[in-house]
Amino acid sequence: MAGLYGFGAEQAKPNGGAAAPAAKATTAANFSADVTTESARQPVLVDFWAPWCEPCKQLTPILEKVVDMAGGKVKLVTMNIDDQPEIAGRLGIRSIPAVIAFQRGQPVDGFMGALPESEVRGFIERLVGPIGGASDLIAEAQALLAAGDSVAAAEIYASILEENPGDLEALAGLARLSVETGDLEAARGILDSAPAGADQHQGVIAARAALALAEQAGAVGDLAELKRKSEADPNDHQARFDYAIALNAENRRDEAASALLDIIRRDRAFNDDGARKQLLQFFEAWGAADPATIAARKRLSTVLFS
């Protein structure tokens, strides 16, 4: 197909309006430059349409929206088959709307019909990887973390920060991930780079709390030994306090909260109300919606006000 085609003037889009910046109309004469050559740099979608095609009017705005969300990873070109039937004929297109994806000068994928946005997005993501706004990428990173893929999650957070160093959700997420993987120095560096006012952001607050707890956990000693000491002497509040920190480092949140609540019940004044303060730091690190936070808050209220 190379050498057949090249880039033309803007045309009216099938939705009736002027072409959006995400799309450019082409002709048979301009197809080579617009699609074949351009697809050597990035994927190019060709949207084949006609003015009389109602499904085309539904699909084209969706294509423009998702291509715009892709942030320059893919280009969209439109072709009116009534005016330019040659290319569609060469590609064997007999029904519209039809979308053909080109990479490295060749058609590699395509679909026909007015697909919903979710399916259009999936089609484009198969070509260029995850797309969307930062909130979508944050959600994807969180899903990857839940699935145990911390490396891929870190790459997403880093890519967001590369484009927008002030994105506090990504900054907090990357710092928290660094804590969870044991790279406390990296977590400190990330949090130290946070812009002014970031400490009011709940995600940053949680990440700082998680870092502080991880640093504490490194200094309290062996979990089994702390358990033995706290069980041997119910009044050894320091052992139980350290045991709570070690339990939290093992993600045993309910048990960690119980250890601190036991201190609060026995001796509220211990370490200048230190057990309650430590429990509140747990809440910051866990997040307000975490089931362990919700359960421990209720228990704390019972202890303090009963």
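Two exercises with worked solutions follow, on a disulfide and on the overall form of a predicted model.

In this predicted model, local features need pLDDT of at least 70 and side-chain atom pairs pLDDT 80 or more, while totals for chains, interfaces and linings use all residues. Numbering runs from 1 along each chain as its sequence is written, and side-chain values use heavy atoms, without hydrogens and water.

**Exercise 1.** Find which cysteines form a disulfide, and state whether C53 is buried or exposed.

Solution.
- Apply the cut-off: a disulfide is a pair of cysteine sulfur atoms within 2.5 Å.
- The sulfur atoms of C53 and C56 are 2.3 Å apart, and these two residues form a disulfide.
- The count by this rule is one disulfide.
- The angle about the S-S bond is 85°, and the link of C53 and C56 is right-handed.
- Buried means under 20% relative accessible area, exposed over 50%, and partly exposed in between (1.4 Å probe, protein chains only).
- C53 has a relative accessible area of 2%, so C53 is buried.
- C56, at 0%, is buried as well.

**Exercise 2.** Give the secondary structure of the protein, then explain why the protein is described as more spread out than a compact globule.

Solution.
- Count DSSP runs: helices (H or I) need at least four residues and strands (E) at least two.
- The protein comes to 14 helices and five strands.
- The radius of gyration, taken over C-alpha atoms, is set against the globule rule, 2.2 Å times the number of residues to the power 0.38.
- For 306 residues the globule rule gives 19 Å, and the radius of gyration of the protein is 29 Å, well over that, so the protein is more spread out than a compact globule.
- The C-alpha trace spans about 90 × 35 × 35 Å along its principal axes.
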